[in-house]
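Me: I've got this model open on my screen and I'd like a close look at one part of it. Could you walk me through the nonpolar core, and set it against what sits on the surface?

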Amino acid sequence: MIDAIQTTRAVLRQSHQFSARTEAQLSDLRLTSRAVIAVIIAMAVDLFFPLPSVLRGLFVLGAVGWVVRYLTDGRIRLRSEPDRLEQDARSIESRQPELENALINAIQFERSVAGRPADQSSGLMQQEMARAERLAGTLQVQDPAGLARIAKERRLL
């Protein structure tokens, strides 16, 4: 009897960590791009319409405040997202359709089997959980699309 789906859970946690790192890198690259654009625009405006030193200073303080707020909001959001195994399973299965919902079923079936182990369908659920365990051991958790998005943002920067 399978009491836990340790390999499946480990793969889903790794996938979650990878996607959180990817989102953090994308967020940082977008911030850098926007900050560079804002500085270029400010320099162009100042070139054609010279601004007093007070307005330049306020712009710099506003830009620093905006960057700090953007970074803080992004980090808080990434930290506050709980480890949602089902969402991670859906994400992996959308990239690898050959899994045929094995990971999602394993997560859901684990709760069902733990709640009522003597049920008639628990044998089938355990077989599906065992299949998910076998498949999870062969999966790559890194999303090539995430790496491509990071490379694209770097090129844009």
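**Core and surface**

Reply: Let's start from the outside. The accessible surface of the protein comes to about 10300 Å², and 60% of that belongs to carbon and sulfur atoms. Keep in mind that this is a predicted model. Of the protein's 157 residues, 29% count as buried.

The fold itself is quick to describe: you'll find 6 helices and 0 strands, so to read along the sequence is to follow α-α-α-α-α-α. As for contacts between residues at least 6 apart in sequence, 77% join residues at least 24 apart.

Now for the core you asked about. The largest nonpolar core has 19 residues, and those that touch the most other members are Val11, Leu12, Ile92, Leu103 and Leu139. Helices α1, α3 (85-95), α4 (102-115) and α5 (122-136) each supply at least two residues of this core. The top contributor is α4, which gives 6 residues.

Val11 is a good place to zoom in. Leaving aside its neighbours within four places in sequence, Val11 is in contact with Ile92, Ala136, Leu139 and Val141. Two of the names there, Ile92 and Leu139, also appear among the core residues with the most contacts to other members.

Next, click on Leu85, which lies in helix α3. Is Leu85 buried or exposed? Its relative accessible area is 11%, and buried means under 20%, so Leu85 counts as buried. Not counting residues up to four places away in sequence, Leu85 touches Arg9, Leu12, Arg13 and Ile107. One of these, Leu12, is listed with the core residues that touch the most other members. You can also check Leu85 against Ala10: the two are 75 residues apart in sequence, yet their C-alpha atoms are 9.8 Å apart in space.

Then there's the nonpolar material on the outside. A surface patch of about 1200 Å² is made by Ile37, Ile41, Val45, Leu47, Phe48, Phe49, Leu51, Val54, Leu55, Leu58 and Leu61. The elements giving two or more residues to that patch are α1 (6-48) and α2 (53-80). Helix α1 gives the most, with 5 residues, and Ile41 has its place in that helix.

So where do core and patch share a helix? Look at α1: this helix supplies at least two residues of the core and also gives the most to the nonpolar surface patch.

Definitions and conventions. Residues are numbered from 1 along each chain as its sequence is written. This is a predicted model: local features need pLDDT of at least 70, side-chain atom pairs count only at pLDDT 80 or more; totals for chains, interfaces and linings use all residues. Side-chain values use heavy atoms; hydrogens and water are left out. Patches are made of residues with over 30% relative accessible area and no salt bridge: like charges are joined within 9 Å, nonpolar side chains (Val, Leu, Ile, Met, Phe, Trp, Tyr) within 5 Å. Accessible areas come from the Shrake-Rupley method with a 1.4 Å probe; for residues, only the protein chains shown count as cover. A salt bridge is a side-chain nitrogen of Lys or Arg within 4 Å of a carboxyl oxygen of Asp or Glu. Helices (H or I, at least four residues) and strands (E, at least two) are DSSP runs, numbered from the N terminus. A nonpolar core is a set of buried Ala, Val, Leu, Ile, Met, Phe, Trp, Tyr and Cys residues joined through side-chain atoms within 4.5 Å. Buried means under 20% relative accessible area, exposed over 50%, partly exposed in between (1.4 Å probe, protein chains only). Contact means heavy atoms within 4.5 Å.
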